[in-house]
Amino acid sequence: MTPEEPIAEHDRQRRLRSFVLRQGRITPAQARAFDAHWARYGLDYTGHTRDLDAAFGRRAPRVVEIGFGNGEQLLHAAAHEPDHDFIGIEVHRPGVGRLMNGLAAAGLDNVRLYNHDAVEVLEHEIAPASLAQVRIYFPDPWPKKRHHKRRLIQPAFVEFLAGRVAPGGLLHLATDWADYAEQMLATVDASPSWSNRAGPGHYSPCPDWRIETHFERRGTRLGHGVWDLLYERTGS
(Lines give C-alpha, C1' and ligand atoms only; values in the text may rest on other atoms or scores of the structure.)
Protein backbone atom coordinates (compact mmCIF):
# COMPACT_ATOMS: atom_id res chain seq x y z
CA MET A 1 0.00 0.00 0.00
CA THR A 2 1.40 3.41 -0.93
CA PRO A 3 0.89 6.37 1.42
CA GLU A 4 -1.65 7.89 -0.99
CA GLU A 5 -3.90 4.82 -1.04
CA PRO A 6 -6.78 4.59 1.44
CA ILE A 7 -6.70 2.01 4.19
CA ALA A 8 -7.93 -1.33 2.92
CA GLU A 9 -11.56 -1.94 3.78
CA HIS A 10 -10.91 -4.90 6.08
CA ASP A 11 -8.24 -2.92 7.95
CA ARG A 12 -10.54 0.06 8.28
CA GLN A 13 -13.41 -2.02 9.60
CA ARG A 14 -11.10 -3.67 12.12
CA ARG A 15 -9.91 -0.22 13.23
CA LEU A 16 -13.44 1.08 13.61
CA ARG A 17 -14.22 -1.78 15.97
CA SER A 18 -11.21 -0.82 18.05
CA PHE A 19 -12.95 2.32 19.31
CA VAL A 20 -14.91 1.78 22.51
CA LEU A 21 -17.39 4.61 22.93
CA ARG A 22 -17.16 5.52 26.61
CA GLN A 23 -19.31 8.62 26.46
CA GLY A 24 -19.52 9.32 30.15
CA ARG A 25 -22.02 11.84 31.45
CA ILE A 26 -22.44 15.01 29.46
CA THR A 27 -23.12 18.09 31.58
CA PRO A 28 -25.90 20.55 30.71
CA ALA A 29 -23.27 23.13 29.73
CA GLN A 30 -21.52 20.68 27.42
CA ALA A 31 -24.82 19.70 25.83
CA ARG A 32 -25.78 23.35 25.29
CA ALA A 33 -22.46 23.92 23.54
CA PHE A 34 -23.67 21.90 20.55
CA ASP A 35 -26.62 24.25 20.11
CA ALA A 36 -24.66 27.41 20.81
CA HIS A 37 -21.32 26.76 19.11
CA TRP A 38 -21.48 23.86 16.66
CA ALA A 39 -22.30 26.14 13.73
CA ARG A 40 -19.11 28.08 14.51
CA TYR A 41 -16.71 25.26 15.31
CA GLY A 42 -18.27 22.03 14.12
CA LEU A 43 -17.75 20.15 10.86
CA ASP A 44 -20.40 17.61 9.98
CA TYR A 45 -19.02 14.49 8.36
CA THR A 46 -20.04 14.31 4.68
CA GLY A 47 -17.74 11.64 3.24
CA HIS A 48 -16.38 14.10 0.66
CA THR A 49 -13.12 16.07 0.54
CA ARG A 50 -13.44 19.17 2.69
CA ASP A 51 -12.51 22.66 1.41
CA LEU A 52 -10.50 23.67 4.45
CA ASP A 53 -9.76 27.15 3.13
CA ALA A 54 -13.50 27.76 3.07
CA ALA A 55 -14.01 26.14 6.48
CA PHE A 56 -11.44 28.42 8.14
CA GLY A 57 -11.81 31.47 5.91
CA ARG A 58 -8.08 31.58 5.23
CA ARG A 59 -5.12 29.48 4.12
CA ALA A 60 -2.72 28.42 6.88
CA PRO A 61 -0.74 25.34 7.96
CA ARG A 62 -3.25 22.72 9.16
CA VAL A 63 -2.73 20.50 12.20
CA VAL A 64 -4.94 17.51 13.02
CA GLU A 65 -5.19 16.28 16.61
CA ILE A 66 -6.74 12.81 16.83
CA GLY A 67 -8.59 12.00 20.05
CA PHE A 68 -8.29 15.32 21.86
CA GLY A 69 -10.15 14.14 24.98
CA ASN A 70 -11.35 17.12 27.01
CA GLY A 71 -9.57 19.52 24.65
CA GLU A 72 -7.11 20.98 27.15
CA GLN A 73 -4.11 20.60 24.83
CA LEU A 74 -5.98 21.72 21.72
CA LEU A 75 -7.28 24.85 23.44
CA HIS A 76 -3.73 25.73 24.47
CA ALA A 77 -2.41 25.11 20.95
CA ALA A 78 -5.07 27.28 19.33
CA ALA A 79 -4.24 30.18 21.67
CA HIS A 80 -0.46 29.87 21.39
CA GLU A 81 -0.12 28.97 17.70
CA PRO A 82 -2.43 31.50 16.03
CA ASP A 83 -0.71 31.10 12.67
CA HIS A 84 -1.94 27.48 12.47
CA ASP A 85 -5.40 26.08 11.88
CA PHE A 86 -6.38 23.08 14.01
CA ILE A 87 -8.74 20.23 13.18
CA GLY A 88 -9.72 18.25 16.25
CA ILE A 89 -11.29 14.80 15.88
CA GLU A 90 -12.99 13.19 18.88
CA VAL A 91 -15.85 10.70 19.20
CA HIS A 92 -16.78 11.58 22.79
CA ARG A 93 -19.40 14.34 22.95
CA PRO A 94 -18.62 15.62 26.48
CA GLY A 95 -15.07 16.53 25.48
CA VAL A 96 -16.24 18.17 22.26
CA GLY A 97 -18.78 20.24 24.16
CA ARG A 98 -16.26 21.27 26.79
CA LEU A 99 -13.74 22.35 24.16
CA MET A 100 -16.31 24.39 22.23
CA ASN A 101 -17.21 26.27 25.39
CA GLY A 102 -13.53 26.96 26.02
CA LEU A 103 -12.90 28.15 22.48
CA ALA A 104 -15.90 30.46 22.57
CA ALA A 105 -14.90 31.91 25.94
CA ALA A 106 -11.39 32.60 24.60
CA GLY A 107 -12.69 34.05 21.32
CA LEU A 108 -10.61 31.65 19.22
CA ASP A 109 -11.51 30.93 15.60
CA ASN A 110 -8.63 28.76 14.34
CA VAL A 111 -10.18 25.42 15.37
CA ARG A 112 -12.74 23.21 13.67
CA LEU A 113 -14.04 19.99 15.21
CA TYR A 114 -15.34 16.63 14.07
CA ASN A 115 -17.42 14.49 16.42
CA HIS A 116 -16.75 11.43 14.29
CA ASP A 117 -14.39 8.50 13.73
CA ALA A 118 -10.90 9.73 12.88
CA VAL A 119 -10.13 7.10 10.24
CA GLU A 120 -13.23 7.97 8.22
CA VAL A 121 -12.56 11.71 8.49
CA LEU A 122 -8.95 11.37 7.36
CA GLU A 123 -9.78 8.90 4.61
CA HIS A 124 -12.68 10.77 3.05
CA GLU A 125 -12.56 14.45 4.10
CA ILE A 126 -8.86 15.38 4.27
CA ALA A 127 -7.08 15.78 0.95
CA PRO A 128 -3.71 14.05 0.36
CA ALA A 129 -0.62 16.03 1.42
CA SER A 130 -2.79 18.80 2.89
CA LEU A 131 -1.62 18.67 6.52
CA ALA A 132 1.38 20.25 8.19
CA GLN A 133 1.14 18.04 11.27
CA VAL A 134 -0.72 15.16 12.86
CA ARG A 135 -0.71 14.99 16.66
CA ILE A 136 -1.83 11.89 18.58
CA TYR A 137 -1.47 12.19 22.32
CA PHE A 138 -2.09 9.33 24.75
CA PRO A 139 -4.19 7.09 22.53
CA ASP A 140 -5.93 4.13 24.13
CA PRO A 141 -3.07 1.76 25.10
CA TRP A 142 -5.19 -1.40 25.05
CA PRO A 143 -2.89 -2.77 27.76
CA LYS A 144 -3.83 -6.45 27.54
CA LYS A 145 -1.52 -8.24 25.13
CA ARG A 146 -4.38 -9.92 23.28
CA HIS A 147 -5.78 -6.45 22.49
CA HIS A 148 -2.57 -4.91 21.14
CA LYS A 149 -3.82 -5.40 17.58
CA ARG A 150 -6.49 -2.79 18.36
CA ARG A 151 -3.97 -0.07 19.05
CA LEU A 152 -4.16 2.90 16.70
CA ILE A 153 -0.47 3.07 15.82
CA GLN A 154 -0.03 0.18 13.40
CA PRO A 155 2.05 0.00 10.17
CA ALA A 156 -0.92 0.44 7.80
CA PHE A 157 -2.23 3.48 9.67
CA VAL A 158 1.22 5.09 9.88
CA GLU A 159 1.62 4.75 6.10
CA PHE A 160 -1.86 6.10 5.55
CA LEU A 161 -1.08 9.18 7.67
CA ALA A 162 1.99 9.79 5.53
CA GLY A 163 -0.31 10.28 2.57
CA ARG A 164 -2.18 13.08 4.36
CA VAL A 165 0.92 14.99 5.55
CA ALA A 166 2.92 17.17 3.18
CA PRO A 167 6.64 16.42 2.76
CA GLY A 168 8.52 18.03 5.62
CA GLY A 169 5.44 17.87 7.84
CA LEU A 170 5.37 16.27 11.28
CA LEU A 171 3.87 13.34 13.11
CA HIS A 172 3.94 13.84 16.89
CA LEU A 173 3.04 10.93 19.16
CA ALA A 174 3.01 10.75 22.95
CA THR A 175 2.14 7.95 25.36
CA ASP A 176 2.55 7.08 29.02
CA TRP A 177 2.64 3.31 28.45
CA ALA A 178 6.19 1.99 28.09
CA ASP A 179 5.40 -0.99 25.88
CA TYR A 180 3.21 1.14 23.60
CA ALA A 181 6.04 3.66 23.33
CA GLU A 182 8.33 0.84 22.23
CA GLN A 183 5.78 -0.32 19.67
CA MET A 184 5.31 3.21 18.34
CA LEU A 185 9.05 3.68 18.03
CA ALA A 186 9.59 0.39 16.21
CA THR A 187 6.57 0.88 13.94
CA VAL A 188 7.30 4.41 12.74
CA ASP A 189 11.08 3.90 12.60
CA ALA A 190 10.42 1.03 10.18
CA SER A 191 8.39 3.21 7.83
CA PRO A 192 10.20 4.61 4.77
CA SER A 193 7.80 7.57 4.83
CA TRP A 194 8.94 9.02 8.16
CA SER A 195 12.29 10.12 9.58
CA ASN A 196 12.85 10.13 13.34
CA ARG A 197 13.97 13.61 14.37
CA ALA A 198 15.86 12.20 17.35
CA GLY A 199 17.49 9.47 15.27
CA PRO A 200 16.45 5.83 14.86
CA GLY A 201 15.65 4.13 18.14
CA HIS A 202 15.43 7.38 20.12
CA TYR A 203 12.61 9.35 21.72
CA SER A 204 12.36 13.13 21.50
CA PRO A 205 12.19 15.70 24.28
CA CYS A 206 8.69 17.03 24.79
CA PRO A 207 8.37 20.03 22.44
CA ASP A 208 7.17 23.41 23.67
CA TRP A 209 3.80 23.11 21.98
CA ARG A 210 2.68 20.09 24.04
CA ILE A 211 1.65 21.02 27.58
CA GLU A 212 1.34 18.73 30.57
CA THR A 213 -2.38 18.03 30.73
CA HIS A 214 -4.51 16.93 33.67
CA PHE A 215 -4.54 13.42 32.19
CA GLU A 216 -0.75 13.37 32.02
CA ARG A 217 -0.34 14.64 35.57
CA ARG A 218 -2.60 11.86 36.79
CA GLY A 219 -0.45 9.29 35.00
CA THR A 220 2.71 10.77 36.46
CA ARG A 221 1.25 10.46 39.98
CA LEU A 222 0.63 6.78 39.22
CA GLY A 223 4.29 6.36 38.32
CA HIS A 224 3.93 6.35 34.54
CA GLY A 225 6.70 7.72 32.36
CA VAL A 226 5.92 9.81 29.29
CA TRP A 227 7.49 9.35 25.87
CA ASP A 228 7.31 11.74 22.90
CA LEU A 229 8.12 10.76 19.33
CA LEU A 230 8.61 13.26 16.51
CA TYR A 231 8.81 12.20 12.88
CA GLU A 232 9.28 14.24 9.72
CA ARG A 233 7.54 13.26 6.51
CA THR A 234 10.16 12.28 3.95
CA GLY A 235 9.99 12.94 0.23
CA SER A 236 9.63 16.06 -1.86
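Me: A residue is called buried if its relative accessible area is under 20%. In this predicted model, why does T213 count as buried?

Reply: The relative accessibility of T213 is 10%. That value falls under 20%, so T213 counts as buried. T213 lies in the loop between β6 (194-196) and α9 (214-221). Leaving aside neighbours within four places in sequence, T213 is in contact with E72 and Q73.

Me: What makes the pair D85 and R58 a salt bridge?

Reply: The pair must bring a side-chain nitrogen of Lys or Arg within 4 Å of a carboxyl oxygen of Asp or Glu. In D85 and R58 the closest N and O atoms are 2.7 Å apart. This distance is within 4 Å, and therefore the pair qualifies. D85 belongs to strand β2 (residues 85-89) and R58 to the loop between α3 (52-56) and β1, so the pair ties together parts that are 27 residues apart in sequence.

Me: Is D85 buried or exposed, and how is R58 classed?

Reply: D85 has a relative accessible area of 0%, and is therefore buried. R58 has 32%, which is neither under 20% nor over 50%, so R58 is partly exposed.

Me: How do you know that R210 and D228 are buried?

Reply: The relative accessible area of R210 is 6%, and that of D228 is 3%. Both values are under 20%, so both residues are buried. The side chains of R210 and D228 also meet in a salt bridge, at 2.8 Å from N to O. This pair links distant parts of the chain, with R210 in the loop between β6 and α9 and D228 in strand β7, 18 residues apart. R210 meets E216 in a salt bridge as well, at 2.6 Å, and E216 is buried too. The structure holds 12 salt bridges.

Me: What makes β5 and β7 a pair of strands, and in which sense do they run?

Reply: Two strands pair if there are at least two bridges between them. Strand β5 (residues 165-175) and strand β7 (residues 227-233) have six bridges, so the requirement is met. Their sense is antiparallel, and H172 stands opposite L230 in β7.

Me: Why are β3 and β6 called edge strands?

Reply: The sheet is open, with seven strands in the order β3-β2-β1-β4-β5-β7-β6 and mixed pairing. β3 and β6 each pair on one side only, and this makes them the edge strands.

Me: How do you know that helix α5 has a span close to the one expected?

Reply: Helix α5 (residues 93-106) has 14 residues. The expected span is 1.5 Å times one less than the number of residues, which gives 20 Å here. The helix reaches 20 Å from its first C-alpha to its last, close to that expectation. Buried residues of α5 include P94, V96, L99 and L103. The buried residues of this helix pack against α2 (28-41), α4 (72-80) and β3 (111-114). α5 is followed by G107, whose phi is positive, near 70°.

Me: Which residues touch the most other members of the largest nonpolar core?

Reply: The core has 34 residues, and those touching the most other members are I66, L122, I136, I153, F157, L171 and W194. Its largest share, five residues, comes from α7. Another core, of 17 residues, lies apart from it, with V63, F68, L99 and L113 among its members.

Terms used:
Residues are numbered from 1 along each chain as its sequence is written. This is a predicted model: local features need pLDDT of at least 70, side-chain atom pairs count only at pLDDT 80 or more; totals for chains, interfaces and linings use all residues. Side-chain values use heavy atoms; hydrogens and water are left out. Helices (H or I, at least four residues) and strands (E, at least two) are DSSP runs, numbered from the N terminus. Buried means under 20% relative accessible area, exposed over 50%, partly exposed in between (1.4 Å probe, protein chains only). Contact means heavy atoms within 4.5 Å. A nonpolar core is a set of buried Ala, Val, Leu, Ile, Met, Phe, Trp, Tyr and Cys residues joined through side-chain atoms within 4.5 Å.
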